[in-house]
Amino acid sequence: MKTYLNGTNDMNLMHEELARAQMSARLGEALELRRGHRLALARRMSRKAEQAAQQARLALARAI
């Protein structure tokens, strides 16, 4: 009977370890996705800023 209990306990521990590993993997994936989204957003904002600067230069050149 004792071996059965230990076996059950071992199985529970294995399931907990598997759940922790999966949770850790998913957290890592989520962080990577966030980094990718932030990088894409930064690039987009940079392009918009460059376009705004170019428009300002053109407007200034026309005004002179």
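## One helix, two salt bridges

Arg 20 and Glu 16 sit 4 residues apart in helix H1, so about one helical turn separates them. That spacing goes with a salt bridge: Arg 20 pairs with Glu 16, and the closest N and O atoms are 3.6 Å apart. Bear in mind that this is a predicted model.

Zooming out, the fold is quick to describe. The protein has 1 helix and 0 strands, and helix H1 covers residues 2-63. The share of buried residues is 0% of the 64 in the protein. About 6,200 Å² is exposed, with carbon and sulfur atoms supplying 61% of that area.

Back to the charged pairs: the structure holds 2 salt bridges. Here they are side by side.

| Salt bridge | Closest N and O atoms | Spacing in helix H1 |
|---|---|---|
| Arg 20 with Glu 16 | 3.6 Å | 4 residues |
| Arg 35 with Glu 32 | 2.4 Å | 3 residues |

For the second pair, Arg 35 and Glu 32 are 3 residues apart in helix H1, so they too are separated by about one helical turn. Their closest N and O atoms lie 2.4 Å from each other.

How exposed are the partners? Glu 16 has a relative accessible area of 39%, so it counts as partly exposed. Arg 35 comes in at 49% relative accessibility and is also partly exposed, because that class runs between the 20% limit for buried and the 50% limit for exposed.

Which residues form the positive surface patch? Arg 43, Arg 44, Arg 47 and Lys 48 make it up. Of these, Arg 47 belongs to helix H1. Arg 47 has 49% relative accessibility and is therefore partly exposed; patch members need over 30% relative accessible area, so Arg 47 clears that cut-off.

Note on methods:
Residues numbered from 1 in each chain as written. Predicted model: local features only at pLDDT ≥ 70, side-chain atom pairs only at ≥ 80, totals over all residues. Heavy atoms only, no water. Buried < 20%, exposed > 50% of the residue type's maximum accessible area, 1.4 Å probe, protein only. Areas by Shrake-Rupley, 256 points an atom, 1.4 Å probe, with all protein chains shown as cover. Patch = residues over 30% accessible without salt bridge, like charges linked within 9 Å, V, L, I, M, F, W, Y side chains within 5 Å. Salt bridge = Lys/Arg side-chain N within 4 Å of Asp/Glu carboxyl O. Lys, Arg positive; Asp, Glu negative; His and termini not counted. Charge placed at Lys NZ, Arg CZ, Asp CG, Glu CD.
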